Amino acid sequence: SAMPVLTVDGPGGAGKGTVSRLIAERLGWHLLDSGALYRLTALAALKHGLALDDDMALASCAETLDVAFVAQDGDARIMLEGEDVTGDIRTEAVGDAASQVASLPRVRDALLTRQRDFRAAPGLVADGRDMGTVVFPQAELKIYLTASAEERARRRHEQLLNAGVDANLASLLEEIKARDARDMQRAVAPLKPADDAVLLDSTSLAIPDVVERIERLLSERG
Ligand code: C5P
């Protein structure tokens, strides 16, 4: 197909973000970080004082989200309502709020077209929870990337410390488990592998090895 899609789904902290970005860079494909859209919706809602269960207000917030993904000095910045929120949307508080708003069907619907619009030539790498199951069911290759909760907590801890953010490993592990449970148990678009997804466990695999495996699978399909 002229606009192939590679979907990379799985729980938070399995390495989806890094792996997706590296593959998109190497192939020169577009990148959709769908989690960022849920995080941006949550942050906008918090800024505007919306209740996190007010599905009508949150859906209209998601629909009218004023965001821009801009490249700046070789860096990808995310702007919300003209303000750089690249760091702000990565906090655990926003991640938690994102997972709450993401459980609302109206919010998911409101973000559907926006996500599909990322599909453009020469191809798209789409990173999220339901890329292969709901948003791009016709994707050429679907990856479901997991890792143990302990390993994911350890990685997130290291990431946060490197970013200069204070973090506690034990509470990160609790948060990861709670977020997994919420994402897997929600009624709409729960986190689960697509029937035709290739499962990869990154618990004891380094990022370059994961990238290499996916690129091999892609060239086999191409
Ligand atoms: O991947 P990330 O941690 O940025 O996603 C934040 C939250 O957004 C997830 O916990 C999940 O609840 C939600 N999400 C989703 N569907 C996606 C991507 C993210 O429900 N495709």
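**Exercise 1. Determine which polar contact joins the side chains of D183 and R129, and place D183 in the fold.**

Step 1. The side chains of D183 and R129 are joined by a polar contact of 3.2 Å. A polar contact is a pair of N or O atoms within 3.5 Å; within protein, one must be able to donate a hydrogen and the other to accept it, and residues adjacent in sequence count only if both atoms are side-chain atoms.

Step 2. This is a predicted model: local features need pLDDT of at least 70, side-chain atom pairs count only at pLDDT 80 or more, and totals for chains, interfaces and linings use all residues. Residues are numbered from 1 along each chain as its sequence is written, and side-chain values use heavy atoms, with hydrogens and water left out.

Step 3. D183 sits in helix α8. Helices (H or I, at least four residues) and strands (E, at least two) are DSSP runs, numbered from the N terminus.

Step 4. D183 counts as buried because its relative accessibility is 5%. Buried means under 20% relative accessible area, exposed over 50%, and partly exposed in between (1.4 Å probe, protein chains only).

**Exercise 2. Describe the shell around the ligand: which residues are the closest, and which elements give two or more residues?**

Step 1. The ligand is surrounded by 16 residues. R39, R108, R129, D130 and D183 are the closest. A residue is near a molecule if one of its heavy atoms lies within 4 Å of it.

Step 2. Take the side-chain contacts to the ligand. An N or O atom in the side chain of D183 is 2.7 Å from an oxygen atom of the ligand. R186 places a polar side-chain atom 2.9 Å from a ligand oxygen atom. S34 has a polar side-chain atom 2.9 Å from a ligand nitrogen atom.

Step 3. Now the cover. On its own, the ligand has 450 Å² of accessible area, and the protein covers 96% of it. Accessible areas come from the Shrake-Rupley method with a 1.4 Å probe; for residues, only the protein chains shown count as cover.

Step 4. Sort the shell by element. Two or more residues come from each of α2 (34–47), α4 (92–101) and α8 (169–185). The most come from α2, with four residues.

Step 5. Sort the shell by class. Eight residues are charged, four are polar and four are nonpolar. Ala, Val, Leu, Ile, Met, Phe, Trp, Tyr, Cys and Pro count as nonpolar, Asp, Glu, Lys and Arg as charged, and the others, Gly among them, as polar.

**Exercise 3. State how many cavities of 30 Å³ or more the structure holds, and work out their linings.**

Step 1. There are two cavities of 30 Å³ or more. On a 1 Å grid over the protein atoms alone, a cavity is a set of points where a 1.4 Å probe fits but cannot get out; lining residues have an atom within 4 Å of a point. Grid points are joined across faces, edges and corners, and a volume is the space filled by probe spheres set on the points.

Step 2. The largest cavity holds about 50 Å³ of space. Its lining is G12, R129, R152, R156, I176, R179 and D180. Two or more of these residues come from each of α7 (149–162) and α8. α8 gives the most, with three. Five lining residues are charged, one is polar and one is nonpolar.

Step 3. The second largest cavity holds about 30 Å³. Among its lining residues are T7, D9, K142, Y144 and K192. β1 (5–9) and β7 (141–146) each give two or more residues to this lining. β7 gives the most, with three. By class, the lining has five nonpolar, two polar and three charged residues.

**Exercise 4. Find where the backbone has a cis peptide bond, and which non-glycine residues, among them E81, have a positive phi.**

Step 1. The cis peptide bond joins A121 and P122, with omega about 5°. P122 lies in the loop between α5 (105–116) and β6 (124–128).

Step 2. E81 is not a glycine, yet its phi is positive, about 50°. E81 lies in the loop between β4 (75–80) and β5 (83–84). Its relative accessible area is 34%, so E81 is partly exposed.

Step 3. A189 is not a glycine either, and has a positive phi of about 45°. A189 lies in the loop between α8 and β8 (198–201). At 12% relative accessibility, A189 is buried.

Definitions and conventions
1 Å grid on protein atoms, 1.4 Å probe; cavity = no way out; pocket = protein on both sides within 12 Å on 5 of 7 lines; lining within 4 Å.
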